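Here are a few short exercises to work through at your own pace. Keep the viewer open and try each task before you read its solution.

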Amino acid sequence: MSTIYKPDKVEQAARDYWDRERCFEVDEDNGRDKFYCLTMFPYPSGQLHMGHVRVFTISDVIARYQRMQGRHVLQPMGWDAFGMPAENAAIKRGVAPARWTYDNIDYMRGQLKRLGYGYDWRREVTTCSPEYYRWEQWLFTRLFEKGLVYRKNSIVNWDPVDQTVLANEQVIDGRGWRSDALVERREIPQWFMKITAYADELLECLDKLPGWPDSVKSMQRNWIGRSEGIELDFGVEGEDQALTVFTTRPDTLMGVTYMAVAAEHPLAQKAAAGDKAIAAFIEECKKTHAAEAAMETMEKKGMPLGISAIHPISGEPVPLWVANFVLMGYGTGAVMAVPGHDERDWEFASTHGLPIVQVIEPSDGSAIDVQDAPYMEYGRVVNSGFIDGMDYRQAFDAVAERFESEDRGRRTVNYRLRDWGVSRQRYWGAPIPIVYCEDCGAVAVPEDQLPVVLPEDVEFTGVGSPLRDMPEFFETDCPKCGRAAHRETDTFDTFVESSWYFSRYASPGCDTAMVDEREAYWMPVDQYTGGIEHAILHLLYARFYQKLMRDEGLSSADEPFTNLLTQGMVLKDGAKMSKNKGNTVDPQEMIDRFGADTVRLFMMFTAPPEQALEWSDEGVQGASRFLKRFWNAVQSHAAGKEPPPLDVDALDDGQRALRRKTHQTIAKVSDDIGRRYTFNTAIAASMELLNAVNRFEDDSPQSQAVVREALEAVVLVLSPIVPHICHELWHVLGHASAPVDEPWPAFDEAALAQDMIDIVVQVNGKLRGRISVAADADQDEISKLALEDENVRRFVADKAIRKTIVVPGRLVNVVV
RNA sequence: GCCGGGGUGGCGGAACUGGUAGACGCGCCGGACUCAAAAUCCGGUUUCCGAAAGGAAGUGCGAGUUCGAUUCUCGCUCCCGGCACCA
C-alpha cells in the first residue's frame, strides 16, 4: 500500500474484507448478550440525502462500538417502499411505481454499501413485496375478527391535490403534509384501527421508557391528551333524549348560563330542519370547518336554537346554541358553557350578550370580577348551593356522586387521540384484505387466500387508483357464501408497514407466520435512531402495533424500542436541506471526492447527534485533513524500527505522560460513545491524543513502544466512526486481525496515576496561580505551597486569611 | 396559551457531579517551504489595558444562594420544536 492516503483504495479493500468474511451476518445465539441496533428505514426516493447519511452513521457507530464491547449485534436495513412519490414518478415519467421503486432500492443499496455500514443484508425488508405485506394483511384480518378494526362512514380530511384521505397527523395547519394543499371535508367509508382502546396503556408505558428523550414522551402525552371529567345529562324542553355534555370542571356547574352544541349535533340538525337561518349557519360551519379550524383567531360564531335545556340542579331553563367552536369529534359534541370561568365561553357570552355569573372565588380571598375577565384557576366554590365552600376536588367528587347515584352522569376519561384511519384511496400500497358481499357484508380474506397481491404491471393515469379500473383485481367470490363479490380497492396507510418492520427483520424469510421464535431473541430493539419528525406518528403507531402483536401472542415485549435517539436535521445556510430551496449537498459527490470516512467523520464531529448540524465545506476539508494527518502519523511510525515490548516500569516522565494521555483518551472515548453518545467529543479527544503523539519527539525504543500503544488506541477507538481507514492502519501497525473483530481497548488504571499534579490557586475565587504538588500531599501541605506562590502572596498581602478551601486534585481557594 | 428544548469567541461547538470558561475543529493573522500559488508544516488567535509580567471584564438580561455559578433558585427576555376553540 502506498504511503499516500487514497480513500478509494483503502475503502474498497475494507469493504471487500467485511463482505468476504460476512462480518455483519448474525444468527441468534442465546449464549451471547444481544444488541439490536436499528435505524428508521428510508423511503427509496432515488438517492441518499445528507439526513440519511447522518442517521445511518450514528447508528453504525453505535453498532460497531457495541460489537467491540462483545455484544452480539444485529443491524438490519430495509425499505419503506410504498408511498406516493412512486405514483408521482409514474405519472411524470411513465414508469410503473414498482419498477421505479425497485430501481431506486438497487441504487441506494449500493450507496449504503459504499458508506461502509455494517448491515446484515440477508434480513433486508422491502415493504412492497407480497412476502412482507402478506403478514400485515393477515394481522388485519385477525384484528377484524377481534373487533379491533372497524369501518365507518366518516368525515375525513380530503387532500384535493393528492386525491386522498389524510390522517389527522398528516394535516398540518389545515394543509396536507405533503401537498401543502388546503384540506377539505368529505364523507367516505373508511377502515379504522382502534388505537384508542390502547390509549391508557400507550400513555402509562411512557413512564417505563427512561431511555427515551423527554421531548418525545411529552409530545406523545400531549397527543394522547387524556383528560378526566364527568359526563352530565341535561334535560331538553320538548325532547325525550337527554343532552349529554362532558366537563372537566363540574365544580362550575352552577355557573352554566347557556349550552352549545356542534353543527353536526342531532339537536342542531333538528333545529335546522325548521329554520332556514340555522340551516344556513350549519352549512357555513361545514364548509369552513376543516379549512379554518386550525386558524388561531377564528371568530366565535353561533346561533340560538330557540329551545332550552333544563339545568339538572336548579331546574332553570338554559338557552341552547349551536356554535362553531364546539367539536363533534371530542367529548359528546356538546358543552355546558360557564362564561365566568372559561375563556372561550366568556368570549362567546360577551359577543352574544349572554349572562356571566361567578361561582368560583380565589382561595386567597382576593377580589375578582368575572364581568371583566373569566377566572380560570381552581378556587373555592360559591353561589352553588350543595357544593358551596368546597375546593375543586371536593366539588368534583360531590357532583360525580350525586349524578351517578341519580343515574344522570358518570365519571369519564376523554382522549384527544382518535382512532387511526388506515384507508388510502391510493394504488401504491398494500391492499386491504376485505371482500364486500351483498349478503355477508364486509368479509375478511381468509388466511389461505393471502396475500391479496397488488398488481404491479399497471397503466397509470394519475387520477384516482388504477385498481378501480381493474375488474381482474376487484372481481372475486365471497369467501363465506361463494357468491360474486368485490374486493376493497383502498390500500393501507404506509404507516402500517413501518409499524412492525423491525419485528420482521428478526424473522427473515419466515413464510408460515408474521414472526417466529427468532423474534424473541432480538426484540425489543435496544437502540433506535431516527428523525424527531417521527416523534408522534410513527413512534406511536409502532408502539401500538407492538401491543397488538403482543396480545396476538406474537411477541412478549410490551414496548418495541428500549432506547431512542432522535437526531437533528442537516442544515445548509441555516435552513433544512431541500430540493425546493436548492440548498442540497449530494452525499455521493462528497463520497466520490473525499471518501466515505471523511463524510462520516465530518457528520459525527461537527455537532452532537441530537442537535441540528450545519453543513460546512470547510468542515469537510478539515475532516479530510485530519484523516491525512492520522494516516501519515501511523505510516511514518510504522516505517521506523519495530518497537520492543512496552516496559511500563522503565518509562521516564515524558513517556509516562504520553501513556497517561493514551489511557485517559480510551476512558473518555469509551464513555462518550458508550454512554453519552457525544461522538463529537470522542473525536476531539482522539485528535488531542494524535496531536500529542505528533509533538512527541523522542525516538528511543521505549518511546516508540509508547507511541505504538497510543496509535493503536486511536485506530481502535476511531474504528466505529471511520472504519475503513482504521481497518487499513491496523494492518499497517502489524496486525493480521481486523479492528471490527478486536475487543474495545481497556484503559489501565495504573497508567492514569501521577506523582505530581498541577492544581490551581484562587484568591477570593479568582485565579491567581498554579502550583505543582505531590499527588498524595495532604491539605495542609497544599495550602502551604499555595501561599508560597509569588502572585498569590501579592494578592493575600497582609490581609487575614479567613478560610482556605482545598478541592483535592483541582484547586485551592484562599479567602481573605 | 400550554408542553419540551435552547441562548457560551468571527463560526461549529467543549466545560459530564457547583471548582482553571472557550477543549477540538473551522476561519483568520504571522512564519517556513516555493520563482509563485496550492498543498503541507510551525506559531498566534474571547475582549480591553500592557513591550512583557500581569491586570480588568466576560457564558441572553436582572437578582439570589455559595469561599466559588455557563452549571443551582427566582423573575424577565429572545429563539427553536410540538400541541391548541379539547369543554
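The exercises below deal with confidence first and then with the RNA contacts of this predicted model.

**Exercise 1.** Judge how confident the predictor is in chain A, and find where the pLDDT is below 50.

*Solution.* Start with the average: chain A has a mean pLDDT of 91. Next, look at the spread, where 96% of the residues score at least 70. Then go to residues 289–297, where the pLDDT is below 50. That stretch still has 12 contacts in the model beyond near neighbours in sequence. Finally, add the scores for the model: ipTM is 0.95 and pTM is 0.92.

**Exercise 2.** Describe the protein surface near RNA strand B, using a cut-off of 4 Å between heavy atoms.

*Solution.* Begin with the count: 56 residues surround RNA strand B. The closest of them are T248, K300, Y330, R416 and K668. Now sort this surface by residue class, which gives 21 nonpolar, 16 polar and 19 charged residues. Last, ask which element supplies the largest share: helix α21 (residues 679–695) does, with 6 residues.

**Exercise 3.** Work out which parts of RNA strand B the protein meets, and pick out example atom pairs.

*Solution.* First take the RNA atoms within 4 Å of the protein: 64% belong to sugar or phosphate, and the rest to bases. Then match a pair to each part. For the sugar or linking oxygens, a backbone N or O atom of T248 sits 2.5 Å away from one. For phosphate, a polar side-chain atom of K766 is 3.2 Å from an oxygen. For the bases, Y330 places a backbone N or O atom 2.6 Å from a nitrogen.

Note on methods
Residues numbered from 1 in each chain as written. Chains lettered and ligands numbered in written order. Predicted model: local features only at pLDDT ≥ 70, side-chain atom pairs only at ≥ 80, totals over all residues. Heavy atoms only, no water. pLDDT = per-residue confidence, 0-100. Contact = heavy atoms within 4.5 Å. Near = heavy atom within 4 Å. Polar contact = N/O pair within 3.5 Å; in protein donor to acceptor, adjacent residues only side chain to side chain. Helix = DSSP H or I, 4+ residues; strand = E, 2+ residues; numbered from the N terminus. Nonpolar A, V, L, I, M, F, W, Y, C, P; charged D, E, K, R; others polar.
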